[in-house]
Amino acid sequence: MTAGAETGGIAPANPGVITGRAEEARQGNPLRDPRDRRIPRVAGPCVLVIFGVTGDLARKKLMPAVYDLANRGLLPPGFSLVGFARRDWEHEDFTQVTYQAVKEHARTPFRDTVWQQLSEGVRFVPGEFDDDAAFDRLAETVRELDVERGTGGNYAFYLSIPPRFFPLVVQQLKRSGLADGRGRGWRRVVIEKPFGHDLASALELNAIVDAVFPAGSVFRIDHYLGKETVQNILALRFANEMYEPIWNRGYVDHIQITMAEDVGIGGRAGYYDGIGAARDVIQNHLLQLLALTAMEEPVSFDADSLRMEKEKALSAVRLPPDLATGTARGQYAAGWQGGIQVPGYLEEEGIPSDSRTETYAAVKLGIDTRRWAGVPFYLRTGKRMTRRMTEVALIFQRAPHLPFAATDTEELGQNALVIRIQPDEGVTVRFGSKVPGTAMEVRDVNMDFAYGQSFTESSPEAYERLLLDVLIGDPPLFPRQAEVELSWRILDPIEEFWASYTKPEQYPAGIAGPASADALMARDGRTWRRL
Amino acid sequence: MATIDLTETSTSAISAALTQARRSMGGPAMGMVLTLIIVTNEAEQYDAVRAATHAGREHPSRTIAVITRRPQADSRLDAEIRVGESSPGETLLLRMYGPLGQHADSVAAPLLIPDVPVVTWWPDAAPPVPAKDPLGSVAQRRVTDAAAADAPRDMLLALARAYQPGDTDLSWTRATPWRSLLAAVLDQRHPELDSGQVLAEPANPTADLLAAWLELRLGIPVQRRESAGPGITEVRFDTSEGTIMVCRPDGRTATLSWAGRSDRKVALHRRETVELIAEELRRLEPDEVYAETLRALAAGAGAADQAAGAEAADQ
């Protein structure tokens with residue numbers, strides 16, 4: 001599926017919502033009133049089926065998020081959760097596992113009454129993905145729930161499983177009749193990154209899902225987009241008057257988008273090796289941040305308009321003419337990170353000693369639009385760096401003329417607007433200010449907005465927000481296939497170049513990246529922001 | 001938590017003490033989102049201030065408790081300033097003696113944070129027209145609590161007459177969990193509703209508002225009936241295919257019973273004041289749905305009273 005096909009013709013106003021009878025009932029509900037802001041957006045009656053329910057993500061994020069939603073009163077009475085996995089469990093065993101996961105990882109306080117309500121709707125279906133009988137049992141289970149708990153034939157399938165199992169599971173859903181609502185209730189399928197490892201595999205993956213589920217009911221989770229601070233980029237840009245006029249090449253010198261991690265690959269050796277930092281982070285998180293930063297104002301915040309603007313921005317991305325000087329990559333070597341001696345990537349368990357997988361990647365991209373022509377976007381990500389930090393920084397041009405003596409402004413840098421995504425979410429503005437005293441001396445100061453201070457303790461977890469959006473059928477925060485394909489089009493040539501060319505440069509753990517990345521900036525007369 | 005006591009003081013001395021306290025803690029208190037004025041008395045201030053401080057975790061704010069004491073004494077202003085290291089925001093307890101108590105707004109006004117909204121909350125007795133009260137007129141949002149009144153229903157009717165955009169009442173806030181649950185119930189396909197009932201302990205203004213809201217939105221008669229409580233114990237709808245009923249006998253867990261389906265349990269807590277005030281502070285625009293409900297309640301008051309009277313005669 002291409003962007004053209006998906007947006008071609010007259011698109012429905014809200015393509016993610018597969019309007020079934022339940023949805024019609026919701027829309028006609030006289031108790032709901034858009035002016036009534038106290039009544040929260042509550043999901044309609046439905047069943048959430050999680051495949052791969054024994055995995056880390058399900059235990060640490062999904063099940064706690066379900067509980068947190070229930071605790072906040074955002075799940076309907078009768079909401080049911082079905083786990084499917086290759087375990088010899090009874091419903092009670094699974095309930096116990098869910099209980100543990102919730103107790104350990106839920107964000108909101110544990111309440112027995114909420115848990116009681118939730119646990120009544122928890123079911124487990126054991127089985128292999130190639131076992132027809134197991135899927136028939138699954139179909140039977142959800143239909144029983146429809147009768148018992150009034151879930152109305154609305155099912156969301158969360159595929160928290162490696163992509164190699166997608167064909168099997170999707171086919172099984174089709175064979176067992178689970179994928180087809182036949183006009184009664186909606187079907188939604190949720191898939192996690194990675195959406196392929198290059199354009200070809202992303203197309204293949206999409207073809208598999210697309211053959212069974214219509215594009216509008218596929219929800220691709222990039223959990224970064226569920227973060228409050230990422231959504232705040234949109235509020236900052238489009239709800240205010242003071243930023244947008246300077247948000248362009250007339251004022252911006254360059255933009256740095258960074259996601260630095262202090263950890264190594266941990267237990268992800270099997271997944272990470274051969275994938276690397278660029279596919280793992282740049283293709284999805286950083287390019288999404290780039291799209292949100294660079295895009296034009298959408299005509300509205302509905303899914304179509306928002307995604308269309310992001311796609312436009314991504315389609316205008318231009319690679320550096322010489323990939324050798326416009327990109328950098330590295331691999332962490334043994335060293336000291338935050339006071340702890342850590343092994344190098346090649347010494348990690350499960351990593352071949354001749355691995356060429358990069359753990360650090362930096363690229364310089366251009367965006368061929370009137371707004372951004374000539375403004376470089378520097379993207380970088382790495383593991384085992386100085387500290388954990390994700391931010392988008394707009395570095396402004398210097399004032400065209402400084403009516404001060406040169407010595408007065410020696411300590412004045414470039415103005416900057418920094419959107420801190422994590423940790424310590426917020427916005428910093430850096431500008432020059434007079435130093436108190438008799439001399440006219442100007443120095444950089446920071447003006448700071450801390451998200452956690454102005455709205456303490458009200459930020460839900462990204463997964464809570466996204467899960468609720470899936471159950472409600474609200475798709476703006478989910479990238480669609482066209483965005484995935486566009487990102488691979490950007491990354492594929494870089495990956496090919498790297499594969500044919502160099503080994504990644506080693507950098508000692510605990511620093512801000514390899515020397516070649518610093519050289520990349522130095523060639524443009526710039527430096528990376530300090531981590 | 002640093003506490004500073006100032007006796008026989010002035011607002012400028014209070015401002016100076018605040019600035020000083022913030023500085024000694026490392027930097028000015030940034031990012032406060034509102035000023036909350038609590039109009040209360042010595043006996044009630046503790047609970048109200050405690051709730052506000054907790055709510056302040058979600059909405060860092062300057063809380064100003066206006067406490068009037070001994071109206072016969074000479075005018076005097078005593079201030080207790082609390083600036084927390086562990087919690088965001090600041091709390092000022094202002095004790096006003098003598099005639100000064102009649103001019104509390106002159107004390108509060110210089111202490112409002114510039115540029116951010118003001119909310120005034122009367123945890124117990126409220127003025128007859130909140131928007132005309134000197135401490136109410138500076139606020140974008142005025143929060144009363146009909147449940148604290150001796151005759152809650154009369155208080156609601158008085159509030160209906162006095163209503164100005166920005167008024168709100170905690171008895172309406174208490175209805176939110178019920179309202180969202182009932183909205184979720186009616187999200188499901190259901191037979192046409194013929195009539196409804198709201199059962200609650202006597203003198204429960206939340207039940208009055210809930211019944212009025214249901215009647216207004218659903219266009220069916222909704223009777224307000226009495227039970228032993230606690231709070232609201234039951235809401236039921238009669239339909240051609242049997243009843244749809246939500247029962248909450250214990251104030252904690254509700255059961256949804258739907259003719260022809262198995263019962264379902266739903267957590268439905270009675271909430272603490274902290275949660276109520278936090279919800280109230282979350283949105284500061286006028287609550288139009290509350291206004292309409294209050295108006296409908298006042299309009300239907302005569303008829304509803306008659307029905308209640310007839311029922312009492314039956315028993």
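**Exercise 1. Find the loop that holds B:Pro230 and describe the peptide bond before it.**

Step 1: B:Pro230 sits in the loop linking β10 (222-226) and β11 (232-239) of chain B; strands here are DSSP runs (E, at least two residues), numbered from the N terminus.
Step 2: Check omega: about 0°, so the bond between B:Gly229 and B:Pro230 is cis.

A quick note on the model: it's predicted, local features need pLDDT of at least 70, side-chain atom pairs count only at pLDDT 80 or more, and totals for chains, interfaces and linings use all residues. Residues are numbered from 1 along each chain as its sequence is written, chains are lettered from A and ligands numbered from 1 in the order in which they are written, and side-chain values use heavy atoms, leaving out hydrogens and water.

**Exercise 2. Is B:Ala203 buried or exposed?**

Step 1: Look in the loop between β9 (193-200) and α8 (205-218) of chain B; helices are DSSP runs too (H or I, at least four residues).
Step 2: B:Ala203 isn't a glycine, yet its phi is positive, about 55°.
Step 3: Its relative accessible area is 56%, so B:Ala203 is exposed (exposed is over 50%, buried under 20%, partly exposed in between; 1.4 Å probe, protein chains only).

**Exercise 3. Which strands pair with β7(A), and in what direction?**

Step 1: Strands pair if DSSP finds at least two bridges between them.
Step 2: β14 (residues 389-396) runs antiparallel to β7(A), with eight bridges; A:His254 faces A:Ile395 there.
Step 3: β13 (residues 377-382) runs parallel to β7(A), with six bridges, and A:Gln256 is opposite A:Tyr378.
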